[in-house]
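Reader: Hey, can you walk me through this one? I'm new to looking at structures.

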Amino acid sequence: MAITDWPADERPREKLLALGAQVLTDAELLAIFLRVGIKGQSAVDLARTLLGHFGTLNHLCNACADEFASIPGMGLAKYAQLQAVMELARRALAERLTEGALFDSPTEVRDWLQLRMAHLPHETFCILLLDACHRLIEAVDLFRGTLNQTSVYPREVVKLALRYNAAAVVLAHNHPSGVREPSHSDELITRDLRDALALIDVKVLDHFVVPAHGKPLSFAERGLL
């Protein structure tokens, strides 16, 4: 049965307009993005097929182009649309973090880091530079590759903080392996950067480990700073 034949209050688009996007299931939200289904499947059915194939919404949104386009009814044009939606979400969250104190909204910080870093196939070290009110000035990816003490140079981080006149920073790096726990090297690097930045009165507020799946881990909450 086509969605147009459903009762009006059960159609995803009408439900969203009447009750808000938050009440919709993942499949219903995805159906609105898809707009139409394929022969024998409504947009909601197709959305459920996609979620079943990829396992989670996160896996679906971060799938590679070839895998996404291999699903019947999908293609590179739809993949491009999905990636555009994801990038808009990242940019909208980044704007919100520049408007208010970063740690007035720790959930948004985690959400933004997850959107920015969780899908990356390579390990990346990022530094969030903050002003005296802890508003985001800039986020800079310093390097790609395995994180160890020889890959992050404290003097480069100090130079970056001085260039942006930062009063504080938040460090972040991802674990493409999916491991959420920080390594011994992660702890040593955090200590070295904290000590180096303290010499110029810049405080390290936190260091997040962003796993491929799941909630980013906070060093501050673990008592590791």
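Reader: Okay, what does L34 touch?

Author: L34 touches A43, L46, A47, L50, M74 and K78, leaving out residues up to four places away in sequence. Contact here means heavy atoms within 4.5 Å. Keep in mind that this is a predicted model, where local features need pLDDT of at least 70, side-chain atom pairs count only at pLDDT 80 or more, and totals for chains, interfaces and linings use all residues. Residues are numbered from 1 along each chain as its sequence is written, and side-chain values use heavy atoms, with hydrogens and water left out.

Reader: Cool. And which residues touch the most other members of the largest nonpolar core?

Author: L30, L34, L50, L113 and L128 do, out of 41 residues in that core. Helix α3 (residues 43–54) gives the largest share, seven residues. A nonpolar core is a set of buried Ala, Val, Leu, Ile, Met, Phe, Trp, Tyr and Cys residues joined through side-chain atoms within 4.5 Å, and buried means under 20% relative accessible area (1.4 Å probe, protein chains only).

Reader: Anything besides that core?

Author: Yep, a second, separate core has 19 residues, including L129, V169, L171 and A196.

Reader: Switching topic: where do α8 and α9 meet?

Author: P154, V157, V158 and A161 of α8 meet L193, A196 and L197 of α9. Helices are DSSP runs (H or I, at least four residues), numbered from the N terminus.

Reader: And what classes are those residues?

Author: Seven are nonpolar, with no polar and no charged ones. Nonpolar covers Ala, Val, Leu, Ile, Met, Phe, Trp, Tyr, Cys and Pro; charged covers Asp, Glu, Lys and Arg; the others, Gly among them, are polar.

How values were computed:
Helices (H or I, at least four residues) and strands (E, at least two) are DSSP runs, numbered from the N terminus. Buried means under 20% relative accessible area, exposed over 50%, partly exposed in between (1.4 Å probe, protein chains only).
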